[in-house]
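User: Please take a close look at the part of this model in which confidence is highest, and then follow the chain onward from there.

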Amino acid sequence: RHGQTDANANEIEQGSADFSRLTDLGKEQASNAYQALVDTRVTSIYTSPLTRARQTLEQLRQADASSTQTVLPPSDLIL
């Protein structure tokens, strides 16, 4: 799940459209997700190719720059 986006904040449905970016709150939510998972062994992370999902992943990665997580490139997802 991605963090809050501009569209979410304005109650605009996004569906599979790729026009919205994370808000500051969305970035904070992703960092908080990292904190909630800090004691969990994560070996792989899968994300959709949508900007909001990739931004969320990037926030998780930035929360732990020393992470040894394997980030797999998204496959061709059916949206």
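Analyst: Confidence and local detail

Confidence, expressed as pLDDT (the predictor's confidence in each residue, from 0 to 100), is highest in helix 1, at 91, and lowest in strand 2 (residues 70-71), at a mean of 52; helices (H or I, at least four residues) and strands (E, at least two) are DSSP runs, numbered from the N terminus. The chain averages a pLDDT of 79, with 78% of the residues scoring at least 70. Because this is a predicted model, local features need pLDDT of at least 70 and side-chain atom pairs count only at pLDDT 80 or more, whereas totals for chains, interfaces and linings use all residues. Residues are numbered from 1 along each chain as its sequence is written, and side-chain values use heavy atoms, with hydrogens and water left out.

Helix 1 spans residues 6-9 and includes Ala 9, which counts as partly exposed because its relative accessibility is 45%; the accessible area (1.4 Å probe, protein chains only) is called buried under 20%, exposed over 50% and partly exposed in between. Although Ala 9 and Thr 23 are 14 residues apart along the chain, their C-alpha atoms are separated by 8.2 Å.

Glu 11 follows in the loop between helix 1 and helix 2 (24-37), and counts as exposed because its relative accessibility is 76%. The phi of Glu 11 is near 55°, a positive value in a residue other than glycine. Most residues other than glycine have a negative phi.

Further along, Ser 48 sits in the loop between strand 1 (44-45) and helix 3 (51-63), and its 18% relative accessibility is why Ser 48 counts as buried.
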